[in-house]
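Work through the exercises below with the sequence and the coordinates at hand. Each task is followed by a solution in steps.

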Amino acid sequence: LTMDVHADLSQGNLDFLPPQLQLVLKHYNAKETLDVHAATSVALSDLSKADVQMKVDVQNINLNQGNIRVPIDDVSLTARVRNQQVEHDVKITALNQNFEFKGTTQLNTRMDSDVALNLDNINIEAFLAALNPDKPAPTSATLLNGQIEVQSPLMVAIGAIPGRPGEPIATATIRNLRLTTMNP
């Protein structure tokens, strides 16, 4: 089974999309395009051996939390379900920066997850200035590089199932952290 959707969201008319997707796109104020490609291969006699692939790409959306508005140029999600785990890769372009999350989630009762965020030349001052446009932009430039990896049993973390005695809800590891500053 294969499904391809290309939607022009610039006209503001989302009536042709499923209601659940309309709610998500309206919530994030999506304004440009939506591309979805999904493919699956599964024997109905054994659903545990499903192999599902999906790619979703959305441009020009806004994330709003309190007084903070983050305009996002592009979100690209690729995911594959096989061998009872989800492999996912999310790339986000926002505020002239690129962010990439990669990881896996086991499809067990705990939903054990391992996710890494790669930080590649993130300009901290430019990022903060874009989040706070009413303040003057700093003249220095601090670049952040590194990788943050988080392991968590998601169902324990959200309180859906009890954890083991003394078990952390998440473990974070920071690798190759490097801050480089350049003053004018």
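Ala, Val, Leu, Ile, Met, Phe, Trp, Tyr, Cys and Pro count as nonpolar, Asp, Glu, Lys and Arg as charged, and the others, Gly among them, as polar. The model is predicted.

**Exercise 1. The second largest pocket**

Task: Sort the lining of the second largest pocket into nonpolar, polar and charged residues.

Solution. Step 1: list the lining, which consists of Leu63, Val70, Ile72, Ile92, Ala94, Phe99, Leu119, Ile122, Ile124, Phe127 and Leu144. Step 2: apply the classes; the result is 11 nonpolar residues, with no polar and no charged ones. Step 3: locate the contributors. At least two lining residues come from each of β4, β5, β7 (112-123) and α2 (124-131). Step 4: add the volume, which is about 230 Å³.

**Exercise 2. The largest pocket**

Task: State which strand gives the most to the lining of the largest pocket, and how the lining residues divide by class.

Solution. Step 1: the volume of the largest pocket is about 450 Å³. Step 2: its lining has 21 residues, and Leu21, Val24, Leu34, Val56 and Val58 lie nearest the centre. Step 3: at least two lining residues are supplied by each of β1 (2-8), α1 (19-27), β2 (33-41), β3 (51-65), β4 (68-82) and β5 (85-94). Step 4: β3 gives the most, namely five residues. Step 5: the division by class is 21 nonpolar, no polar and no charged.

**Exercise 3. The nonpolar core**

Task: Find which residues have the most contacts inside the largest nonpolar core, then list the contacts of Ile92 beyond its sequence neighbours.

Solution. Step 1: the largest nonpolar core holds 23 residues, and Leu9, Leu25, Leu34, Ile72 and Ile92 have the most contacts inside it. Step 2: β2, β3, β4, β5 and β7 each contribute at least two residues to this core. Step 3: set aside the neighbours of Ile92 within four places in sequence; Ile92 is then in contact with Ile72, Asp74, Val75, Gln97, Asn98, Phe99 and Phe101. Step 4: compare with a general tendency. In soluble globular proteins, nonpolar side chains tend to be buried together.

**Exercise 4. Strand pairing**

Task: Determine how many bridges join β6 to β7, β7 to β8, and β8 to β9.

Solution. Step 1: β6 and β7 run antiparallel and are joined by seven bridges; Gly103 stands opposite Val115 in β7. Step 2: these two strands form a hairpin with five residues between them, and Met111 in the turn has a positive phi of about 50°. Step 3: β7 and β8 are antiparallel as well, with 10 bridges, and Leu117 has Ile148 in β8 as its bridge partner. Step 4: β8 (residues 141-153) pairs with β9 in the antiparallel sense over 10 bridges. Ile148 is bridged to Ile174 in β9. Step 5: check the cover of β9 (residues 171-182); among its 12 residues, the count of buried residues is zero.

**Exercise 5. Positive phi outside glycine**

Task: Is Asn60 buried, partly exposed or exposed, and which of these terms fits Leu95?

Solution. Step 1: Asn60, not a glycine, has a positive phi of about 60°, and its place is in strand β3. Step 2: Leu95, also not a glycine, has a positive phi of about 55° and lies in the loop between β5 and β6 (97-106). Step 3: take the cut-offs, with buried under 20% relative accessible area and exposed over 50%. Step 4: Asn60 has a relative accessible area of 29%, so Asn60 is partly exposed. Step 5: Leu95 has a relative accessibility of 9% and therefore counts as buried.

Definitions and conventions:
Residues numbered from 1 in each chain as written. Predicted model: local features only at pLDDT ≥ 70, side-chain atom pairs only at ≥ 80, totals over all residues. Heavy atoms only, no water. 1 Å grid on protein atoms, 1.4 Å probe; cavity = no way out; pocket = protein on both sides within 12 Å on 5 of 7 lines; lining within 4 Å. Points joined across faces, edges and corners; volume = space filled by probe spheres on them. Helix = DSSP H or I, 4+ residues; strand = E, 2+ residues; numbered from the N terminus. Buried < 20%, exposed > 50% of the residue type's maximum accessible area, 1.4 Å probe, protein only. Pairing = 2+ DSSP bridges. Core = buried A, V, L, I, M, F, W, Y, C linked by side-chain atoms within 4.5 Å. Contact = heavy atoms within 4.5 Å.
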